[in-house]
Amino acid sequence: MIKAQIDKELDKYLQTLEEDKLRIFTMADGRVRGALFHGTRFVNQIRAQHKLGILETYILGQASLCAALTIPMMKDKEHLAIKFEGDGPAQGYCIEADSTGYVRGYRFNENIALEKPLESWDLKPFLGGGTLSFSRAHKDDKLPQMSSVYADNGNIAKDFASYFAQSEQINTAFNSSIQFDKNGNVTGAGAMYLQIMPKTGGTKILGSQLDSHVEETEEDKILLQKIENAFTACPSLGLLYSEKEVDSEDIILGLFREFNPLITMKRDIVFDCPCNKEFFINHIRNLPKDQLDDIKKNGPNPLEITCRNCGSVYKIDTGEL
């Protein structure tokens with residue numbers, strides 16, 4: 001990927017914020033696991049790579065933040081492609097997340113026409129309803145494993161939660177947020193998920209003593225309701241991250257202190273793409289001979305090829321073919 005430069009003044013501001021990190025945590029004796037991702041630089045890099053407007057940044061940024069949260073759920077070496085195909089004017093998006101820690105993606109409609117100024121962040125008028133698909137590929141898989149659900153929440157985080165409830169049958173909550181200032185700059189961005197684990201999970205002692213088919217006790221239900229209430233009470237993560245005195249550990253402890261949260265890991269998540277110039281040169285060389293000869297003879301020279309996943313523009317002299 002050719003890394004696009006973020007505006008210098010905006011970049012100075014970003015340097016004053018807590019660094020982008022994904023923090024994985026558990027709580028309630030292992031009954032709940034989750035992750036919190038500070039992604040302000042992450043979303044700004046997406047915007048710079050694809051040269052996005054505000055609405056396009058909001059859609060692709062939200063989808064990419066939620067996709068980043070799936071990385072700690074991955075097992076071993078895994079690659080996930082998430083695609084939403086909707087009937088709204090935005091048409092949808094495709095995001096890829098990899099267990100190594102990178103995310104990349106694009107929108108289907110590059111420029112969404114607005115008939116009037118935005119009145120809310122409800123995305124249903126733009127995304128509409130459609131199919132949300134998850135395609136998982138592990139290192140030794142011959143074919144990826146794919147499953148799909150219908151989604152029409154007008155909220156990407158809720159679409160992801162619907163997918164996990166319907167397809168994975170795991171109670172999962174997602175929350176994502178992007179904060180813009182009066183000039184349209186992204187000044188804060190973050191996302192969080194919580195997942196309820198089976199009663200056979202948790203600590204080794206607790207898990208070994210319980211049957212996975214045992215129904216939740218009244219005490220369990222009260223506990224999980226309290227955790228849900230705490231998650232729902234979370235203020236806008238984008239707004240919190242735009243306030244320099246707030247950091248991720250404060251957010252986790254502040255929301256869930258009652259449930260003894262334990263941060264188990266911190267890791268980097270970046271918007272990146274493994275594309276390079278040589279990849280596209282090899283792709284062009286494999287075109288049918290008549291097409292390749294026409295390019296060499298008639299140009300254009302140089303060729304300009306844009307990677308749809310990251311917006312990188314590669315200039316290839318026909319002599320390199």
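Start with the aromatic rings: in this predicted model, ring pairs tie Phe134, Phe160, Tyr163, Phe164, Phe174 and Tyr193 into one cluster. The structure holds 16 aromatic pairs. One of them is Trp121 with Phe180, a stacked pair whose ring centres are 5.5 Å apart and whose planes differ by 20 degrees. That pair reaches between distant parts of the chain: Trp121 is in the loop between strand S5 (102-107) and helix H4 (124-127), while Phe180 belongs to strand S8 (residues 172-180), 59 residues apart. How covered are the two partners, Trp121 and Phe180? Trp121 is partly exposed, since its relative accessibility is 37%, and Phe180 counts as buried because its value is 13%. For another geometry, look at Phe279 and Phe280: their planes sit at 80 degrees with the centres 5.1 Å apart, so this pair is edge-to-face. Phe280 is buried, at 11% relative accessibility.

Phe180 brings us to S8, and S8 brings us to a sheet. Which order do the strands follow in this open sheet of 5? Reading across, you get S8-S9-S2-S1-S10, with antiparallel pairing. S8 and S10 are the edge strands, each pairing on one side only. Ignoring direction, neighbouring strands here are turned by 15 degrees against each other on average. Inside the sheet, S1 and strand S2 (residues 32-38) pair in the antiparallel sense over 7 bridges. If you want a spot to check the register, take Leu22, whose bridge partner in S2 is Phe37.

Now for the helices that lie across these strands. Helix H7 (residues 218-232) lies across S1, S2, S8 and S9, and runs at about 170 degrees to S9. H2 lies across S2, S8 and strand S9 (186-196), where its angle to S9 is about 115 degrees.

H2 deserves a longer look. Of its 11 residues, 10 are buried, so the helix is mostly covered. The buried set includes some polar and charged names, among them Asn44, Gln45, Arg47, Gln49 and His50. Asn44 makes a good example. It sits in H2 (residues 40-50), and with a relative accessible area of 3% it is buried. What does Asn44 touch once its neighbours within four places in sequence are left aside? The contacts are Ile6, Leu10, Leu14 and Val186. Just after the helix comes Lys51, which has a positive phi, near 55 degrees.

Away from that sheet there is a hairpin to trace. Strand S6 (residues 130-138) and strand S7 (residues 145-151) pair in the antiparallel sense over 7 bridges, and 6 residues join S6 to S7. Within this pairing, Leu132 has Val149 in S7 as its bridge partner.

S6 also takes us to the charged side chains. How many salt bridges does a search of the whole structure find? The count is 13. Arg136 makes one of them with Glu78, the closest N and O atoms being 2.8 Å apart. Arg136 is in S6 and Glu78 in strand S3 (residues 78-86), so the pair ties together parts that are 58 residues apart in sequence. Arg136 and Glu78 are both buried. They don't act as a lone pair either: Glu78, Arg136 and Glu168 are linked in a network of salt bridges.

Compare that with Asp268 and Lys21, whose closest N and O atoms are 2.6 Å apart in another salt bridge. Here too the partners come from distant parts of the chain: Asp268 is in the loop between strand S10 (262-267) and strand S11 (270-271), Lys21 is in strand S1 (residues 21-27), and these positions lie 247 residues apart in sequence numbering. Buried or exposed, where do Asp268 and Lys21 fall? Asp268 is partly exposed because its relative accessible area is 46%, whereas Lys21, at 16%, counts as buried.

A last stop among the charged pairs is Glu96 and Arg104, whose side chains meet in a salt bridge at 3.3 Å, N to O. The cut-off for buried is under 20% relative accessible area. Glu96 therefore counts as buried at 14%, and Arg104 is buried as well, with a value of 15%.

Methods
Residues are numbered from 1 along each chain as its sequence is written. This is a predicted model: local features need pLDDT of at least 70, side-chain atom pairs count only at pLDDT 80 or more; totals for chains, interfaces and linings use all residues. Side-chain values use heavy atoms; hydrogens and water are left out. Helices (H or I, at least four residues) and strands (E, at least two) are DSSP runs, numbered from the N terminus. Buried means under 20% relative accessible area, exposed over 50%, partly exposed in between (1.4 Å probe, protein chains only). Contact means heavy atoms within 4.5 Å. Two strands pair if DSSP finds at least two bridges between them. A salt bridge is a side-chain nitrogen of Lys or Arg within 4 Å of a carboxyl oxygen of Asp or Glu. Rings of Phe, Tyr and Trp (its six-membered ring) pair if their centres lie within 6.5 Å; planes under 30 degrees apart count as stacked, over 60 as edge-to-face and the rest as tilted. Axes are lines fitted to C-alpha atoms, for helices over the stretch in contact, and angles run from 0 to 180 degrees between N-to-C directions.
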